[in-house]
Amino acid sequence: MANIVWCLPQFALGTGALTQNLFPGMSKHLAAGSILLVAVIVVWFYNSGSKGIQIFEIILKVMVGIVVLCFFGVVIALTFTENPADKLPWGDIFSGLIPDFTRLFKPVPSLEPAIAATGAHAQWWSDSIAELQRDKIITAFATAVGINMTFLLPYSMLRKGWGKPHRGLAIYDLSIGLIVPFVLATACVVIAAASQFHGNGTPSTSGKSQGSYNSFLDKRLAEEFGDDFKSLQANVKAAPDEATKTAATTALQAKRDALSEADRALAAMMAERDNQDLALTLEPLTGKQVAQKVFGIGVLGMAVSTVIILMLINGFAFCEAIGKPANGNWHRIGSLIPAIGVVGPFYWAKAAPALATPTSVLGGAMLPIAYVTFLLLMNSKSLLGDAMPRGGRRIIWNVLMIIATLIASFTSVWGMWSKTYTTSSGGSIPAGKIGIAILAALLVVGVIGFIRNSAKPKA
């Protein structure tokens with residue numbers, strides 16, 4: 001489930017890189033189809049040991065490496081710039097590394113003046129931004145450690161033949177090969193993006209970001225005018241001809257334009273950015289035209305490589321679920337299941353990069369299943385044998401894992417509880433609560449299966 005859900009935004013992101021940054025005007029169908037074709041070819045020949053696959057993997061690493069190095073360069077350039085307005089405030093950046101849990105409930109201080117400027121509607125803006133912040137925090141949590149990664153990391157070690165003697169090597173490999181680069185690269189991307197967009201009250205002129213900006217304005221208008229404004233929105237969707245639709249759209253836009261400057265500025269600050277906007281973060285280093293191409297190359301590399309790894313993970317998990325060797329046609333069949341994500345650019349692509357947030361909320365909701373499984377695993381003598389922790393070590397590991405499981409469960413339920421789906425008729429479906437019920441059922445089934453498997457006599 002996690003692999004399928006995550007493939008949706010990756011296909012959308014890669015398609016956006018091709019059609020917006022690299023080849024503007026390129027058909028979306030051609031772009032998405034090309035990504036799918038490349039991913040299927042790589043997955044199909046993955047176990048063949050082909051030199052072509054190895055070369056392709058190197059090319060993807062180079063593509064991603066280029067954009068990561070560019071973000072490092074942007075941070076260095078903004079650190080030593082002579083323009084005080086662009087210079088990075090490193091004191092604020094380092095202080096921001098200290099977790100502030102109040103941001104789960106109220107907006108960051110830098111937005112408070114803009115919120116206060118909206119007057120009577122400040123509380124609505126405050127609540128809306130706080131909810132958005134919670135989604136972003138849950139996104140970061142779920143993206144850093146997803147349920148599919150908790151499967152892949154130990155699974156890959158087993159496939160390498162690593163065991164207890166390799167524990168030190170595994171810890172070193174995980175920290176130096178993954179955690180350190182992830183922290184440094186992500187930090188540079190966040191810093192560069194924040195310098196360009198945080199607190200920027202000017203709406204983007206690009207179509208997708210403009211749509212996100214208008215969406216915030218519409219929510220603000222619905223809060224003030226209720227059903228009257230919703231009827232106006234419905235008139236646009238239900239217009240029988242182009243002339244009627246144009247008139248309804250003009251009336252809708254007039255309502256947006258009539259909002260205060262403070263409302264419109266805050267909506268611009270909150271608007272999601274698309275690939276063209278995000279590429280602007282590289283401008284201080286590369287200039288405008290080069291920035292679009294370099295960003296497009298990096299994003300395409302990240303999207304294609306992520307699609308491939310998600311498909312491969314799914315193949316491994318599929319083979320484990322049905323008890324087949326993780327190679328050959330069974331692995332290929334399992335790997336092709338997430339390919340349904342190719343519909344992402346067409347049905348879930350109002351702003352391709354922004355898809356990471358709802359996707360991560362869904363992915364994070366599945367994370368407790370993995371944590372509960374690891375908690376059970378560490379206390380299963382039938383599975384771990386002599387490797388099961390004992391005495392004080394067992395107490396320490398259980399305390400830490402219980403805390404981690406409770407945090408993962410809390411953030412999952414919190415992230416999904418208030419999520420609703422608005423139907424075309426204006427009705428509301430509690431999608432989040434339904435999702436929680438389904439995941440709870442999956443968790444129960446998983447625990448029962450774990451206990452039954454643990455009780456089976458070993459051959």
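**Exercise 1. Place Leu-153 in its helix, then work out which surface feature Leu-153 belongs to.**

Solution. Start with the position: Leu-153 sits in helix H7, which covers residues 147-160. Bear in mind that this is a predicted model. Next, check the exposure: Leu-153 has 30% relative accessibility, so it counts as partly exposed. Now look at the neighbourhood. Leu-153 joins Leu-174, Leu-178, Ile-179, Phe-182 and Val-183 in a nonpolar surface patch of about 470 Å². Finally, ask who gives the most to that patch: helix H8 (residues 167-197) does, with five residues.

**Exercise 2. Find the salt bridge partner of Asp-218 and say how the pair sits in the fold.**

Solution. First the total: searching the whole structure turns up five salt bridges. One of them pairs the side chains of Asp-218 and Arg-256, at 2.8 Å from N to O. Then map the two ends. Asp-218 is in helix H9 (residues 207-225) and Arg-256 is in helix H11 (residues 242-257), so the bridge links distant parts of the chain, 38 residues apart. Last step, the exposure: Asp-218 and Arg-256 are both buried.

**Exercise 3. Build the salt bridge network around Arg-220, one link at a time.**

Solution. Begin with Glu-223, whose salt bridge to Arg-220 has its closest N and O atoms 3.8 Å apart. Both residues lie in helix H9, three residues apart, or about one turn of the helix. Now add Glu-224: here the closest N and O atoms of the bridge to Arg-220 are 2.8 Å apart. That pair is also within helix H9, four residues apart and again about one turn. Put the links together, and salt bridges with shared partners join Arg-220, Glu-223, Glu-224 and Asp-263 into one network.

Now for the exposure. Arg-220 is buried, at 3% relative accessible area. Glu-223 counts as partly exposed at 34%, and Glu-224 is partly exposed at 38%.

One more residue belongs in this picture. His-121, from the loop between helix H5 (112-116) and helix H6 (122-144), touches Arg-220, Glu-223 and Glu-224, leaving aside residues up to four places away in sequence. With a relative accessible area of 17%, His-121 is buried.

**Exercise 4. Classify the ring pair of Trp-124 and Trp-125.**

Solution. You need two values here, since a pair of aromatic rings is described by the distance of the centres and the angle of the planes. There are seven aromatic pairs to choose from. For Trp-124 and Trp-125, the centres are 4.9 Å apart and the planes are at 75°, so this pair is edge-to-face. Step out a little and ring pairs link Trp-124, Trp-125 and Phe-216 into a cluster. Trp-125 is buried, with 0% relative accessible area.

**Exercise 5. Decide how many disulfides the structure has, and check Cys-7 and Cys-70.**

Solution. The whole-structure search gives zero disulfides. Take Cys-7: its nearest cysteine sulfur belongs to Cys-319 and is 17 Å away, while the cut-off for a disulfide is 2.5 Å. Cys-70 is in no disulfide either, and the nearest cysteine sulfur, from Cys-188, is 12 Å away. As for exposure, Cys-7 counts as buried at 0% relative accessibility, and Cys-70 is buried at 12%.

Technical notes. Residues are numbered from 1 along each chain as its sequence is written. This is a predicted model: local features need pLDDT of at least 70, side-chain atom pairs count only at pLDDT 80 or more; totals for chains, interfaces and linings use all residues. Side-chain values use heavy atoms; hydrogens and water are left out. Patches are made of residues with over 30% relative accessible area and no salt bridge: like charges are joined within 9 Å, nonpolar side chains (Val, Leu, Ile, Met, Phe, Trp, Tyr) within 5 Å. Accessible areas come from the Shrake-Rupley method with a 1.4 Å probe; for residues, only the protein chains shown count as cover. A salt bridge is a side-chain nitrogen of Lys or Arg within 4 Å of a carboxyl oxygen of Asp or Glu. Helices (H or I, at least four residues) and strands (E, at least two) are DSSP runs, numbered from the N terminus. Buried means under 20% relative accessible area, exposed over 50%, partly exposed in between (1.4 Å probe, protein chains only). Contact means heavy atoms within 4.5 Å. Rings of Phe, Tyr and Trp (its six-membered ring) pair if their centres lie within 6.5 Å; planes under 30 degrees apart count as stacked, over 60 as edge-to-face and the rest as tilted.
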